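Open the model in a viewer and keep the selection panel at hand. The stops below go from the whole chain to a sheet, then to single residues.

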Amino acid sequence: MHDILHSEFAAECRNHEGERICGDNYIFRSRPSGRAIAILSDGMGHGTRANILSTLTTSMLSNFAVSRTANSRIARMMDAMLPVNEATGVSYSTFTLADIDGRSGRVILVQYDNPPAILLRDGLPVKLEWSEQYLSEGRPGKLTVAAFTARAGDRLVMATDGVTQSGQAPGMYSFGWGQNKLAEFCSRAVFSDPSICSAELARQVVMQSEENDAGQPSDDISCAVVTFRRRRRMTLASCPPAMVKESGRMAEDIINAEGTKVICGQPLASMIAAHMGEVLEHDESFRPVEEFPVYSLRGFDLVTDGIIVPGRILDILEHTPVDGGNLRQNDIPSGIVVRMLENDLIDFRIGMRRNIDPRGIVPDEFSVRRNILRRIMAVLEKKFQKTVVTTYY
């Protein structure tokens with residue numbers, strides 16, 4: 001799984017001057033298999049009506065793409081579903097779709113009247129071969145398709161015409177900023193900071209477009225960026241296995257996992273330490289800063305409490321912005337959250353042992369912990385768009 005090419009997606013938008021909602025819309029969907037769908041759509045006009053049109057477009061396209069509908073069929077269906085304004089002859093929305101296979105690196109681009117997507121390799125624009133697939137008579141635009149094999153370090157930049165046509169209203173550019181200047185700007189940004197992330201590159205493109213319009217966007221401005229890189233992986237393990245005979249298999253799986261490794265819970269940590277022929281020891285460097293125990297174990301980034309820490313991780317994740325802003329690694333739970341947000345795939349290894357009080361007074365601690373971990377998984381997937389895989393023992 002570690003060889004899968006990861007698609008780091010981010011988008012930035014600015015509303016048309018005077019509007020409270022952006023008429024552009026984007027969507028990104030990924031799967032543990034490495035397949036991902038990125039779509040950017042521009043609704044006709046601006047404001048709420050445009051947003052409804054672009055949202056409808058991204059929703060339909062993502063469903064078609066996920067079901068692996070052929071490009072030619074997507075063209076026919078979008079032709080039938082997206083009307084043309086009778087008065088202006090302009091399509092109700094335009095779009096760019098990137099269908100990404102992370103295992104092979106193969107990327108298929110489908111565009112309808114959006115500015116052509118830009119592929120940057122080693123910081124320089126790469127020419128893409130676009131084949132035209134004209135839609136039916138009366139349709140003002142044309143649908144084009146291109147394909148390429150992505151490499152680690154490549155960046156795909158998608159933009160709406162609010163970017164390429166920026167600068168016209170204030171007279172800075174007679175015909176707008178244009179495709180070439182956009183490509184040059186992105187290239188300079190990458191050369192200036194080779195490690196620039198998708199979010200920062202998209203932000204810089206939108207900020208420059210807004211500046212071209214003298215701070216008063218004459219159209220909705222949107223840019224989406226996909227950065228291709230090797231997938232970063234983190235394993236979080238908690239709770240011993242349901243059956244003692246499964247202890248060895250669970251321990252081996254966790255020991256051999258690649259990337260960042262964290263254990264929440266002393267019972268599981270002691271089991272793994274015993275399997276390694278080692279003794280679990282307290283890490284005294286964390287006392288008296290943390291009110292719960294922290295342990296040291298060779299090969300693991302962090303071994304800590306399994307009761308208090310998961311609850312705090314959940315609370316931090318629920319109150320942290322999607323971009324991770326203002327998150328400081330000043331305690332153990334925050335440090336684990338930072339590691340989660342730095343990685344792309346979070347691999348949960350969870351034991352199913354029950355801890356039953358025969359008197360029926362104390363609740364099953366492991367069951368409570370697993371419920372919290374499931375909520376953590378849901379937040380990572382839905383809010384932070386992380387790939388989450390889970391193995392139960």
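The tour below says what to select at each stop and what is there.

**Before selecting**

This is a predicted model, in which local features need pLDDT of at least 70, side-chain atom pairs count only at pLDDT 80 or more, and totals for chains, interfaces and linings use all residues. Residues are numbered from 1 along each chain as its sequence is written, and side-chain values use heavy atoms, with hydrogens and water left out.

**Stop 1: the protein chain**

Select the protein chain and show its C-alpha atoms: along the principal axes they fill a box of roughly 75 × 40 × 40 Å. In cartoon view the protein chain has 10 helices and 18 strands. Both are DSSP runs numbered from the N terminus: helices are H or I with at least four residues, strands are E with at least two.

Colour by accessibility next. Of the 393 residues, 52% count as buried. Buried means under 20% relative accessible area, exposed means over 50%, and partly exposed lies in between, using a 1.4 Å probe and protein chains only. The protein chain exposes about 18300 Å², and carbon and sulfur atoms supply 50% of that area. Accessible areas come from the Shrake-Rupley method with a 1.4 Å probe; for residues, only the protein chains shown count as cover.

Among contacts with a separation of 6 or more, 68% are between residues 24 or more positions apart. Contact means heavy atoms within 4.5 Å.

For charges, select Lys and Arg as positive and Asp and Glu as negative; His and the chain ends are not counted. The charge is placed at NZ of Lys, CZ of Arg, CG of Asp or CD of Glu. The mean positions of the 44 positive and 49 negative charges are 6 Å apart.

**Stop 2: strand β11 and its sheet**

Select residues 221-230, strand β11. Is this strand enclosed or open to the outside? In β11, 9 of the 10 residues are buried, so the strand is largely enclosed by the rest of the structure.

Add residues 5-14, strand β1, which pairs with β11 in the antiparallel sense over 10 bridges. Two strands count as paired if DSSP finds at least two bridges between them. To check the register, pick Ala11, which stands opposite Ala224 in β11.

Now add residues 155-159, strand β10, which is antiparallel to β11 and joined to it by 5 bridges. Leu156 has Val226 of β11 as its bridge partner, and Val157 has Val225 of β11.

Extend the selection to the whole sheet: an open sheet of 5 strands, ordered β1-β11-β10-β6-β7, with antiparallel pairing. The edge strands are β1 and β7 (124-126), each pairing on one side only. From one strand to the next the twist averages 25°.

**Stop 3: helices**

Show residues 179-192, helix α4, which packs on the sheet and touches β6 (118-121), β7 and β10. The direction of α4 makes about 30° with that of β6. Axes are lines fitted to C-alpha atoms, for helices over the stretch in contact, and angles run from 0 to 180 degrees between N-to-C directions.

Then show residues 198-212: helix α5 lies across β1, β10 and β11 and runs at about 25° to β1.

Move on to residues 332-342, helix α9. How many of its residues are buried? The count is 9 of 11, and the helix is mostly covered. Its buried residues include Ile332, Pro333, Arg339 and Met340.

**Stop 4: single residues**

- Thr164 is in helix α3 (residues 161-164). It is buried, with a relative accessible area of 10%. Leaving aside neighbours within four places in sequence, its contacts include Pro115, Trp177 and Leu182.
- Asp113 is in the loop between β5 (106-112) and β6. Its phi is near 60°, a positive value in a residue other than glycine. Asp113 is partly exposed, at 43% relative accessible area.
- Cys239 lies in the loop between β12 (233-238) and α6 (247-255). Its phi, near 75°, is also positive in a residue other than glycine. Cys239 counts as buried, at 0% relative accessibility.
- Arg353 lies in the loop between β17 (345-350) and α10 (365-382). It is partly exposed, with a relative accessible area of 29%. Leaving aside neighbours within four places in sequence, its contacts include Pro240, Pro241, Phe366 and Arg370. To end, draw a distance from Arg353 to Asp24: the C-alpha atoms are separated by 49 Å, and the residues are 329 apart along the chain.
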